[in-house]
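Visitor: I'm new to this one, so could you take me for a close look at a single part and then walk me outward from there?

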Amino acid sequence: MRAGGGTQVLDRAAATCILALWLGCLHVAALKSRLFTRLGGASDSPENPISYDTLYFDQKIDHFGFLEDGTFKQRYLVADKHWQQPGGPVLFYTGNEGDITWFCNNTGFMWEIAEELGAMLVFAEHRYYGESLPFGQDSYSDSKHLNYLTSEQALADFAVLIKNLKSSSPGAQQSPVIAVGGSYGGMLAAWFRIKYPNVVVGALAASAPIWQFPGMVPCGDFYRIVTQDFAKSGQNCAANIRKSWMAINNVSSTASGLQWLSEEFSLCAPLKNENDAVGFKSWLQETWVNLAMVDYPYEANFLQPLPRWPIQVVCKYLALDASVSDYQLLHGVSQAAKVYYNYTGSSSCLNTSQTATSSLGYIGWSYQACTEMVMPMCTDGIQDMFEPEGWNFTAFSDECSAMFGVRPRADWAGTVYGGKDIASHSNIIFSNGGLDPWSCGGVTSNITDSLVSIVIPDGAHHLDLRYSNDQDPPSVSAARALEVMYFREWIKQAKKTPLTS
Ligand SMILES: *[C@@H]1O[C@H](CO)[C@@H](O)[C@H](O)[C@H]1NC(C)=O
Ligand SMILES: *[C@@H]1O[C@H](CO)[C@@H](O)[C@H](O)[C@H]1NC(C)=O
Ligand SMILES: *[C@@H]1O[C@H](CO)[C@@H](O)[C@H](O)[C@H]1NC(C)=O
Ligand SMILES: *[C@@H]1O[C@H](CO)[C@@H](O)[C@H](O)[C@H]1NC(C)=O
Ligand SMILES: *[C@@H]1O[C@H](CO)[C@@H](O)[C@H](O)[C@H]1NC(C)=O
Ligand SMILES: *[C@@H]1O[C@H](CO)[C@@H](O)[C@H](O)[C@H]1NC(C)=O
């Protein structure tokens with residue numbers, strides 16, 4: 001990814017996608033081969049059984065213009081077993097870039113608090129992901145169809161859906177609605193409260209990097225946090241990853257070295273040339289980034305099935321001293337990578353086109369990154385353990401133009417959602433984990449009494465939204481308790497000022 005010219009830039013942007021922010025990371029080789037094909041869902045079962053009704057709502061394809069009058073079916077999930085009607089609250093998950101059932105299954109926090117709040121749970125799918133495709137199977141076939149994939153349209157979908165649910169469900173007219181979301185879904189939750197304070201009384205924005213936009217935070221912070229996670233999880237761990245890139249360059253300079261690498265890493269498709277080696281490094285880099293996002297204190301299966309504190313397990317293989325040969329070092333790296341790709345022992349080979357669950361929508365997120373969601377990232381090889389690469393907006397824009405025929409608008413997200421000037425808004429909780437690289441673009445200090453930041457030092461990517469676990473650090477249990485306390489306060493405030501419409 002570093003040395004390969006063109007595609008490296010979008011590759012980098014993709015890392016940002018994990019934000020997808022669960023941002024599912026975008027691997028360009030994979031992206032290209034998958035462009036304009038439909039992605040299927042994968043499985044990730046929740047720790048506790050959950051049950052919901054699956055429903056569909058007719059949404060306008062275009063909320064903001066009047067020429068396109070078509071509609072599509074937006075999928076949403078409803079669980080009202082614990083809902084106290086009339087007037088019980090609604091917790092509304094603002095779906096992100098992927099299959100809504102996957103987010104639903106991975107948001108145990110909502111399932112665990114529904115009963116104590118007497119709340120109805122609703123999980124709304126984001127347009128263009130999962131089953132909610134405005135142009136059916138053709139949604140990704142050209143950029144004319146992709147034109148309606150924006151966060152503004154998605155927020156409008158959520159607002160229209162809630163208005164409709166409230167007027168059509170007996171007992172829901174006075175129900176206060178709270179938005180909940182993680183990662184990009186967390187950004188949407190925060191922006192939903194900012195743009196539609198008439199529809200939601202408050203929002204929990206978990207691991208939401210609302211400031212990961214041009215000019216708001218330094219572009220190197222993301223990879224610096226990834227590096228810190230490895231540096232503190234084992235002796236020489238980050239240092240050896242930093243060294244591994246040159247070792248790969250050395251070994252991959254000969255045909256026999258390429259063959260050795262392919263066998264050592266049990267790759268499904270052998271590396272054939274230096275270009276393949278570049279793609280291979282980019283895949284490894286994404287692997288380390290994903291591990292930083294899912295460095296959870298217990299065994300979990302979010303992006304991949306993994307042991308508890310997976311980075312510590314990975315680092316056991318990287319505690320090599322400075323005298324080892326390139327081959328010995330890369331043997332350690334391959335064992336480390338297999339912790340991520342083969343924890344269950346069931347993978348027959350490693351596929352460098354895949355890094356995470358296919359429940360995330362790669363093409364859709366790349367399009368969003370190429371239009372509104374411009375998230376600068378850079379590395380210097382000093383503060384971080386990666387090969388140096390600057391942020392180059394022009395190169396990024398050129399790639400977007402080649403891929404989708406559109407160019408990104410670097411300043412738009414700041415203009416439409418307020419950037420750092422959001423103090424006039426209210427009732428939003430921003431929670432962030434200290435281990436999560438996305439915390440660099442998040443709100444990590446209190447802005448006002450009602451724009452509150454909760455920091456979970458031992459937390460990875462939206463740990464607070466997951467099911468509680470015996471091995472949870474006390475900081476995440478405290479965070480969840482505080483979040484519920486704010487929910488109760490917002491619900492109480494809403495009861496004092498009944499809605500008139
Ligand atoms: C979510 O959980 C439900 C019920 O357990 C299951 O049917 C579904 O396949 C899961 N979805 C994903 C994407 O894992
Ligand atoms: C790569 O090759 C160079 C030149 O032979 C050597 O100095 C270096 O130690 C090798 N390995 C790494 C990790 O740089
Ligand atoms: C995954 O682990 C199993 C069990 O240890 C092993 O047999 C298999 O070869 C491993 N796969 C890869 C790709 O290394
Ligand atoms: C590797 O992953 C890509 C993208 O998901 C897929 O198309 C390809 O078939 C996979 N290759 C193997 C050998 O599994
Ligand atoms: C940024 O990319 C453009 C287009 O690829 C290139 O012409 C320019 O030299 C690059 N700028 C820097 C500072 O590398
Ligand atoms: C923000 O304020 C709340 C309530 O006083 C407090 O619990 C929390 O720790 C503060 N957050 C930060 C990051 O200082």
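Guide: Let's start right at ligand 3, where a nitrogen atom of the ligand sits 2.8 Å from a backbone N or O atom of Ser 347. That is a polar contact, meaning a pair of N or O atoms within 3.5 Å; within protein, one must be able to donate a hydrogen and the other to accept it, and residues adjacent in sequence count only if both atoms are side-chain atoms. Before going on, a word on what you're looking at: this is a predicted model, where local features need pLDDT of at least 70 and side-chain atom pairs count only at pLDDT 80 or more, while totals for chains, interfaces and linings use all residues. Residues are numbered from 1 along each chain as its sequence is written, chains are lettered from A and ligands numbered from 1 in the order in which they are written, and side-chain values use heavy atoms, with hydrogens and water left out.

Back to ligand 3. Asn 342 has a side-chain N or O atom 2.4 Å from an oxygen atom of the ligand, and Lys 338 puts a polar side-chain atom 3.4 Å from an oxygen atom of ligand 3. Taken together, the protein covers 52% of the 360 Å² of accessible area that ligand 3 has on its own (areas come from the Shrake-Rupley method with a 1.4 Å probe; for residues, only the protein chains shown count as cover). Who else is around? The residues around this ligand are Ser 266, Lys 338, Asn 342, Gly 345, Ser 347, Ser 348 and Cys 349, where being near takes a heavy atom within 4 Å. By class, that shell has 1 nonpolar, 5 polar and 1 charged residues. In this sorting, Ala, Val, Leu, Ile, Met, Phe, Trp, Tyr, Cys and Pro count as nonpolar, Asp, Glu, Lys and Arg as charged, and the others, Gly among them, as polar.

Now hop over to ligand 2. Its surroundings are Lys 243, Met 246, Ala 247, Asn 250 and Asp 326. Asn 250 has a polar side-chain atom 2.4 Å from an oxygen atom of this ligand, and Asp 326 has one 2.9 Å from a nitrogen atom of ligand 2. Here the protein covers 41% of the 360 Å² that ligand 2 has on its own. Helix H9 (residues 237-251) gives the most to the shell, with 4 residues; helices (H or I, at least four residues) and strands (E, at least two) are DSSP runs, numbered from the N terminus. The shell splits into 2 nonpolar, 1 polar and 2 charged residues.

Away from the ligands, look for salt bridges: the structure holds 11 of them, each a side-chain nitrogen of Lys or Arg within 4 Å of a carboxyl oxygen of Asp or Glu. One joins Arg 75 and Glu 125 (2.8 Å, N to O). Arg 75 is in strand S2 (residues 71-79) and Glu 125 in the loop between strand S4 (120-124) and helix H5 (143-146), 50 residues apart. Arg 75 counts as buried at 7% relative accessibility, and Glu 125 is buried at 0% (buried is under 20% relative accessible area, exposed over 50%, partly exposed in between, with a 1.4 Å probe and protein chains only). Arg 75 and Glu 125 also belong to a salt-bridge network with Asp 99 and Glu 131.

For a contrast, try Arg 407 and Asp 398, a salt bridge with its closest N and O atoms 3.0 Å apart. Arg 407 is partly exposed at 46%, and Asp 398 is partly exposed at 40%.
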